[in-house]
Amino acid sequence: MKKGIVAMLVMLALLGVCAGACAAGVTLRVFTPFADVDFAAQSYMDMVTAWEAETGNLVEDYSGLQDESWIDQMSRMVASGEADVAVVPVGSPLTGAQVLTAQELTQALGGTSARTFASMREKDGSVLLIPLRLNWEALYVNTDVLAKYGLNVPTTYDELITACAVLSQNGVVAISNALCEWAEITLDCMALAGAPEAEYGLQTSLEGAQEILTALTQVGAFGADAWNVTDAEAERRFLDGEAAMRIDADWLAESVAQARWDSVVVMNVPAPDGQARTLAVGTPCFGLTITRACWEDDARCEAALSLVSALLREENAASLAAAPSGKLGESIAALTLGASDCTGVLYDLNAQTFEAWSESVIAGLMSLQ
């Protein structure tokens with residue numbers, strides 16, 4: 001009888017310990033777009049599972065497609081104080097009264113890799129979101145094609161010009177872009193390389209872009225049919241490893257065959273002035289914040305800061321930023337996670353004059369052939 005009573009007391013004690021442990025955990029309501037078809041959905045869930053096991057906290061996940069219903073639900077739960085952490089599209093209807101500013105959150109996180117982008121300013125001048133994924137444009141490089149001709153990935157402007165000349169002389173398209181179709185991305189990237197970062201989108205950068213394109217055209221970088229090839233064909237040449245390089249946006253990375261993930265890298269176009277460009281050509285896509293209701297609750301706030309720190313940890317942030325792995329994924333992470341801000345794109349910055357300018361640039365390049 002005594003043994004039974006002792007066993008029961010031990011069991012009750014263990015249940016008390018378990019209940020105390022469970023009570024110590026916090027459940028966070030978290031909104032993200034990392035669901036369904038998003039390439040980071042599984043990586044995000046793996047990260048959350050690991051964080052839950054490490055901390056004893058739980059995530060009540062509201063990840064979903066970025067449709068009107070999801071935005072409405074997120075907005076309602078943020079406004080009512082029910083939501084804790086949100087990863088949302090830039091431009092979502094959040095306010096500084098509902099969520100922390102990026103500066104406040106960055107200070108609270110201390111030594112993490114959180115960044116604040118001026119390009120994400122609200123109308124009142126505040127920045128509410130820490131950038132987590134970017135829409136970017138860059139130079140893709142087939143490293144194995146370069147290697148066939150004894151060339152390394154060009155890290156300087158002179159190396160880029162030399163590589164293009166060597167490839168052209170060997171009958172290889174160095175930069176596979178259709179200059180009469182979708183030339184905007186090529187112009188964006190050349191404009192960043194063509195002038196100091198602070199002058200991107202200004203007349204200086206436009207002139208610099210034209211000078212770089214002229215130099216590349218003169219050594220045959222775009223091939224003999226850059227004026228009549230379709231962009232679909234130009235893209236195929238690059239993806240099939242027939243061409244050495246291509247200037248394109250982030251979506252091209254998802255078309256690179258897995259077998260080639262270690263043979264492709266992305267980078268900013270090297271600048272003639274020899275200075276590295278830390279801006280990313282493009283615009284922010286998703287940003288991260290925590291709600292003020294969460295901030296004002298000590299237990300929820302501590303858990304939320306822990307989760308945000310995990311999201312921003314280099315290896316986790318890289319998996320949320322890039323679909324491929326291998327050297328391609330590593331180079332995308334280096335490009336985007338190391339960016340000091342986003343440039344925007346020339347069309348948005350020069351809406352009134354961009355088309356006329358771009359047409360004049362292309363016409364001038366055609367005259368060089």
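Trainee: Is Glu60 buried, exposed or partly exposed?
Mentor: Glu60 is partly exposed, at a relative accessible area of 29%. Buried means under 20% relative accessible area, exposed means over 50%, and partly exposed is in between, with a 1.4 Å probe and protein chains only.

Trainee: What am I looking at, and how are residues numbered?
Mentor: This is a predicted model, where local features need pLDDT of at least 70, side-chain atom pairs count only at pLDDT 80 or more, and totals for chains, interfaces and linings use all residues. Residues are numbered from 1 along each chain as its sequence is written, and side-chain values use heavy atoms, with hydrogens and water left out.

Trainee: Back to Glu60. Which residue does it form a salt bridge with?
Mentor: Its partner is Arg29, and the closest N and O atoms are 3.5 Å apart. A salt bridge here is a side-chain nitrogen of Lys or Arg within 4 Å of a carboxyl oxygen of Asp or Glu.

Trainee: Where do the two lie?
Mentor: Arg29 is in strand S1 (residues 27–31) and Glu60 is in strand S2 (residues 58–61), so the salt bridge ties together parts 31 residues apart in sequence. Strands (E, at least two residues) and helices (H or I, at least four) are DSSP runs, numbered from the N terminus.

Trainee: And Arg29, buried or exposed, or in between?
Mentor: Arg29 is partly exposed, with a relative accessible area of 29%.

Trainee: What about Asp38, which residue does that pair with?
Mentor: Asp38 forms a salt bridge with Arg133, with 3.0 Å between the closest N and O atoms. Asp38 sits in the loop between S1 and helix H2 (41–55), while Arg133 is in strand S4 (residues 130–142), 95 residues apart. Asp38 is buried at 16% relative accessibility, and Arg133 is buried at 9%.

Trainee: How many salt bridges in total?
Mentor: The count is 13. One of them joins Asp240 and Arg236, at 2.8 Å from N to O. Salt bridges that share partners join those two with Asp225, Glu233, Arg237 and Glu242 into one network.

Trainee: New topic. How many disulfides?
Mentor: Zero. The cut-off is a pair of cysteine sulfur atoms within 2.5 Å.

Trainee: Why is Cys164 not in one?
Mentor: Because the closest cysteine sulfur, in Cys189, is 14 Å from the sulfur of Cys164, too far for a bond. Cys189 is in no disulfide, and its nearest cysteine sulfur, that of Cys342, is 12 Å away.

Trainee: Are those two buried or exposed?
Mentor: Cys164 is buried, at 0% relative accessible area. Cys189 is buried too, at 4%.
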